[in-house]
Amino acid sequence: MIRATGLTKDYGPRRAIENLTFEAKQGEVVGFLGPNGAGKTTTMRILTGYMPPTYGTAQVAGFDVIGESLEVRRRVGYLPETVPLYPEMTVFEYLKFMADLRHLPNGDDMVDAALDLVHMEKRADGYISNLSKGMRQRVGLAQALLHKPEVLILDEPTIGLDPAQVVEFRNTVRDVGKERTVLLSTHILSEAQQLCDRVLIINKGRIVAEDTPENLQSRLVGSEHVILRVKGEADDLLPIVAKIDGVQNARLLPDGTIEFQFASGSDVRPEVARATIKAGYDLLEFHPVGLSLEEIFLQLTQDNVRKER
Amino acid sequence: MQNIWTIARREYRHYFTSPIAYIVALLTLLTVGIYFVVIIYYVTNQSYYSNTAPGIDVIIGPLATVFLFASPAMTMRLLADEQRMGTLELLLTTPIKDGELVVGKWLGSFLFMLTIIAITLVYPIVLNKLTSPGIDQGVMVSAYLAIILLTAVFLAIGTAMSSFFSNQFAAFFATFAVLIVFWWLIRLPTFIVQNDSINNILNYLDLNGRFNSMLAGTVSLSDIIYPISLTALGLFLSAAAVDIRRWR
């Protein structure tokens, strides 16, 4: 469980985050989404007990991050953005060192369990300096999962992983997130969409939106966008399509395709398809361009910029 | 306590994978070895001029000089490197206290230097065989105590400097500068200042004077308390520096 109230952090005269208030419950995967320098890492560092906030408080796993920092650190697994590894150690030595620092009884077994979880058991005796970026990331994750923490905080965990590893990583996080609290930061929006129960969009140190990925999408986008491509010029097709009931804002794009919108829930694509073929055109494709989180994100963060001006 | 030991053990093992540690060990043992051989050779050829056999100071004296350079090299990466590699963030988010981290780091380097010092024990054994009636055991104990205390101080100052800087070389030169002050510069004013109370303080703080008197076999309580206090101060400052880093 994470509960942050009015977190503010100043680095000298620069305010990194301002008045952040949010919650993450047990069994919830919460995504922290924002451009670089938005304050994601700062917030995570406060929650892991690495540094105290300038103002505000936070409870993690039921303990105060300032007054009971050691108790918080006992219950949090943290993967920082730059994976902290000792290259001269073997994977097993490194994890055993972390197990010792956390006073884990039967540390060897817990190291083995963590290695299994990230599928690194075959590389246990290899030196960390010889591992690829993706494998290092997994060792870092093993370190964060080692002590079965109540709260898992992951800072940009999928950077540098190849697509197959990303899928595997997401499965691991999803499994862990079933019974624990996971807070992860990312600027890959599809990842937040797939992984998170809730997304906090943060920009310039403030939370600009907070909701489930689905709600965020439907809240900002009342309609769906579709692009229609036919063989040859579509100039004459445009008025036909525009006349169909439910089609909104039909327009011709410079590449000769037609873009139109329809209200979510009333799919007019079958009618459009029939009309297109009836008019003698060869229908090549329908291509949905539903606003992705990417666009929502840009919309939100740019709104912010505009307001400031 | 367990945390200190965990940190210290990793640090100690790290030295055995570090080229700098091997260079320091090599330099130390080579210097002490060459010095020892030359002295023995010189003394055996000139023995009718002098009636005193070489004592333990021919081993511990050069050891101290080498450690003046070696200690900053051993401690420069202790915390500076953790800072640079991002592993400090890892250590500071595990449930260990800042003080435990710093003491563990220092202890690791201290144990490694003690290992080097232990190797030099072959020289007193050789010296004991070569001289008659053998070396003075009491002086040997006080000389080794002197170098051990001195090493503790040097490394604690180095640990403190390493916690102040995130650049290893800055840590190295800052440590070296502070060691020069305590080892050499601090007693220079006593040659020109006429004020006795100031000179007493400077003499009290002078590590070199204490070291030389211990090398000669005289040990006072303050000879032991002063280096231990200085070590404690160095470690306290390191822990404070780590803590301040969090608040910035």
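## A hairpin in chain A

Strands S12(A) and S13(A) form a hairpin with 5 residues between them, and in the turn Gly256(A) has a positive phi of about 90 degrees. This description, like every other in this report, refers to a predicted model. The two arms of the hairpin are strand S12, residues 248-252, and strand S13, residues 258-263, and they pair in the antiparallel sense over 3 bridges. One way to find this pairing in the structure is to start at Gln248(A), whose bridge partner in S13(A) is Gln261(A).

## An open sheet in chain A

Chain A also has an open sheet of 4 strands, which follow the order S2-S1-S4-S5 with antiparallel pairing. Strand S2 (14-24) and strand S5 (63-64) stand at the edges and have a single partner strand each, so one side of each is left without a neighbour in the sheet. In general, the strands of a sheet pair through backbone hydrogen bonds, and they may do so in either a parallel or an antiparallel way.

At one of these edges, strand S4 (residues 55-60) of chain A is joined to S5(A) by 2 bridges, and the two strands run antiparallel. Within this pairing, Val60(A) has Phe63(A) as its bridge partner in S5(A).

## A covered strand with parallel partners

Strand S3 of chain A, residues 29-33, is mostly covered, with 5 of its 5 residues buried. Which residues of S3(A) lie on one side, and which on the other? Val29(A), Gly31(A) and Leu33(A) are on one side, while Val30(A) and Phe32(A) are on the other, and both faces are covered.

S3(A) is paired with strand S8 (residues 181-186) of chain A through 5 bridges, and these strands run parallel. S3(A) is also joined to strand S9 (residues 198-203) of chain A, here by 4 bridges and again with the strands running parallel. Individual residues show how these pairings are arranged: Val29(A) has Val182(A) as its bridge partner in S8(A), whereas Gly31(A) has Val199(A) as its bridge partner in S9(A).

## Positive phi angles in two loops

Two loop residues of chain A deserve a careful look at their backbone angles. His103(A) is not a glycine, and yet its phi is positive, at about 55 degrees. This residue is placed in the loop between helix H3 (91-101) and helix H4 (107-117) of chain A, and His103(A) is partly exposed, with a relative accessible area of 39%.

Lys204(A), likewise a residue other than glycine, has a positive phi near 50 degrees. Its place is in the loop between S9 and strand S10 (206-211) of chain A. Lys204(A) counts as partly exposed because its relative accessible area is 47%, which falls between the limits of 20% for buried and 50% for exposed.

## Helices of chain B

Helix H8 of chain B covers residues 137-164, and its length can be checked by a short calculation. At 1.5 Å a residue, its 28 residues should span 40 Å, and the end C-alpha atoms are 41 Å apart, which agrees. H8(B) is mostly covered, since 21 of its 28 residues are buried. At the N-terminal end, Asp136(B) acts as a cap, with a side-chain oxygen 2.9 Å from the backbone nitrogen of Gly138(B).

Thr75(B) belongs to helix H3 (residues 57-75) of chain B. Is Thr75(B) buried or exposed? With a relative accessible area of 0%, Thr75(B) is buried. Leaving aside residues up to four places away in sequence, Thr75(B) touches Ser109(B), Leu155(B), Gly158(B), Thr159(B), Ser162(B) and Thr175(B).

## Aromatic rings and charges

Over all chains, the structure holds 17 aromatic pairs. One of them is formed by Phe172(B) and Phe173(B), which are arranged edge-to-face, with 5.1 Å from centre to centre and 80 degrees between the planes. Phe172(B) counts as buried because its relative accessibility is 17%, whereas Phe173(B), at 54% relative accessibility, counts as exposed.

Elsewhere in chain B, ring pairs link Tyr12(B), Tyr15(B), Phe16(B) and Phe112(B) into a cluster. Tyr15(B) also has a charged residue over the face of its ring, as Arg77(B) lies there at 5.8 Å from the ring centre. At Tyr204(B), the charged end of Arg210(B) sits over the ring, 4.2 Å from its centre.

Notes:
Residues numbered from 1 in each chain as written. Chains lettered and ligands numbered in written order. Predicted model: local features only at pLDDT ≥ 70, side-chain atom pairs only at ≥ 80, totals over all residues. Heavy atoms only, no water. Phe/Tyr/Trp six-rings, centres within 6.5 Å; stacked < 30°, edge-to-face > 60°. Buried < 20%, exposed > 50% of the residue type's maximum accessible area, 1.4 Å probe, protein only. Lys NZ or Arg CZ within 6 Å of the ring centre and 35° of its normal. Expected span 1.5 Å × (residues − 1). Polar contact = N/O pair within 3.5 Å; in protein donor to acceptor, adjacent residues only side chain to side chain. Pairing = 2+ DSSP bridges. Contact = heavy atoms within 4.5 Å.
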